[in-house]
Amino acid sequence: MAGEPIKPKSAGEVSAAQAAQSGKAGSVPQADTSASDDIAAFVARARAMSPHRTGARGRLVFALDATMSRQPTWDMACALQADMFREAASLGSLDIRLVYYRGFNECRATGWISDSAQLAKLMSKIDCQGGSTQIGKVLSETRREAVASGVRAMVFVGDAMEEQVDDLCARAGELGLLKVPVFMFQEGSDAAAEQAFREIARLTGGAWCRFDPGAAAQLRELLRAAAAYAAGGREALLRLSKTGSGAARLIGQMK
């Protein structure tokens, strides 16, 4: 089924696939263009695929902790995700890639989805399972997708962090270099999670916000603000901040 979650490929798997493809194609022909021409062509292609170009569809990675304690919030996020599409519709368009982790070493991602009903259907099939956090894998998957096809922002919703903070910061720094802000939405008040989430947001030029457990209205405002940024950039977020509390909280932290 199109859009079904898949396991993100590791760098090794990608390299192996590329090597195999190169073997099939035979020897590489000698380039007949200058280095400056190659660079110009690369820059043109990069600009063409950039999510920040005029008229581009907004692309948002929607990442969720799907470990056992998260079932109530997963259900709430499933109900609220349509608000992201509705907010973006007033600004242009939005594609969302759902990434989640759960259980023993399971981290999966869907393809890009442009329909809220399709995303809700996929999310309704996923049950939360016990396990440790895998935020590092989520950051790495977002970086891979940002390099491959462009990502305007990432949203993460979770309540815990059980990984090496320095490792997460290194991966966050890579997203910062790619100009992909990460919005870390923390449920509850775990101190270790807050420290890590704040630093990830800072390194990427994003924002950290806490919402109360089970507070659908608070999470709705934050998700609407993130969608506005993904669809319309900083200017859209600034406009929304005049009437939306979630947008005001985000724009106040972004660089």
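**Salt bridges, helix packing and the surroundings of V182**

The side chains of D159 and R70 meet in a salt bridge, with an N to O distance of 3.5 Å; a salt bridge is taken here as a side-chain nitrogen of Lys or Arg within 4 Å of a carboxyl oxygen of Asp or Glu. Because D159 lies in the loop between β4 (153–158) and α6 (165–177) and R70 in the loop between β1 (58–65) and α3, the pair ties together parts that are 89 residues apart in sequence. Helices (DSSP runs of H or I, at least four residues) and strands (runs of E, at least two) are numbered from the N terminus. R70 is buried at 1% relative accessibility, whereas D159 is partly exposed at 21%; buried means under 20% relative accessible area, exposed over 50% and partly exposed in between, with a 1.4 Å probe and protein chains only.

The model is predicted, and local features need pLDDT of at least 70, side-chain atom pairs count only at pLDDT 80 or more, and totals for chains, interfaces and linings use all residues. Residues are numbered from 1 along each chain as its sequence is written, and side-chain values use heavy atoms, with hydrogens and water left out.

The secondary structure of the protein chain comprises 9 helices and 6 strands. Of its 255 residues, 47% count as buried. Among contacts (heavy atoms within 4.5 Å) between residues at least 6 apart in sequence, 77% join residues at least 24 apart.

In total, the salt-bridge rule yields a count of 18. Within helix α6, D167 pairs with R171, the closest N and O atoms being 3.1 Å apart. These two residues are 4 apart in sequence, about one turn of the helix. Both are partly exposed, D167 with a relative accessible area of 33% and R171 with 25%. A salt bridge also joins E194 to R198, where the closest N and O atoms are 2.9 Å apart. Both residues belong to helix α7 (residues 191–204), and their spacing of 4 residues corresponds to about one helical turn. E194 is buried at 19% relative accessible area, while R198 is partly exposed at 42%. In addition, R97, E141, R144 and E145 are linked in a network of salt bridges.

The packing of helix α3 (residues 71–89) with helix α8 (residues 216–241) was examined through their axes, which come within 9 Å and cross at roughly 25°. Axes are lines fitted to C-alpha atoms, for helices over the stretch in contact, and angles run from 0 to 180 degrees between N-to-C directions. This crossing angle makes α3 roughly parallel to α8, a term applied to angles under 35 degrees. On the α3 side, M76, L80, D83, M84, E87 and A88 take part in the contact, and they meet A216, L219, R220, L223, R224, A227, A228, A231 and L240 of α8. The residues of this contact divide into 11 nonpolar, no polar and 4 charged.

V182 lies in strand β5 (residues 182–187) and is buried, with a relative accessible area of 0%. Apart from neighbours within four places in sequence, V182 is in contact with M154, L175, I200, A201, T204, G206 and A207. The C-alpha atoms of V182 and A172, which are 10 residues apart along the chain, are separated by 8.2 Å.

Key. Angles under 35 degrees count as roughly parallel, over 145 as roughly antiparallel, 65 to 115 as roughly perpendicular and the rest as oblique. Ala, Val, Leu, Ile, Met, Phe, Trp, Tyr, Cys and Pro count as nonpolar, Asp, Glu, Lys and Arg as charged, and the others, Gly among them, as polar.
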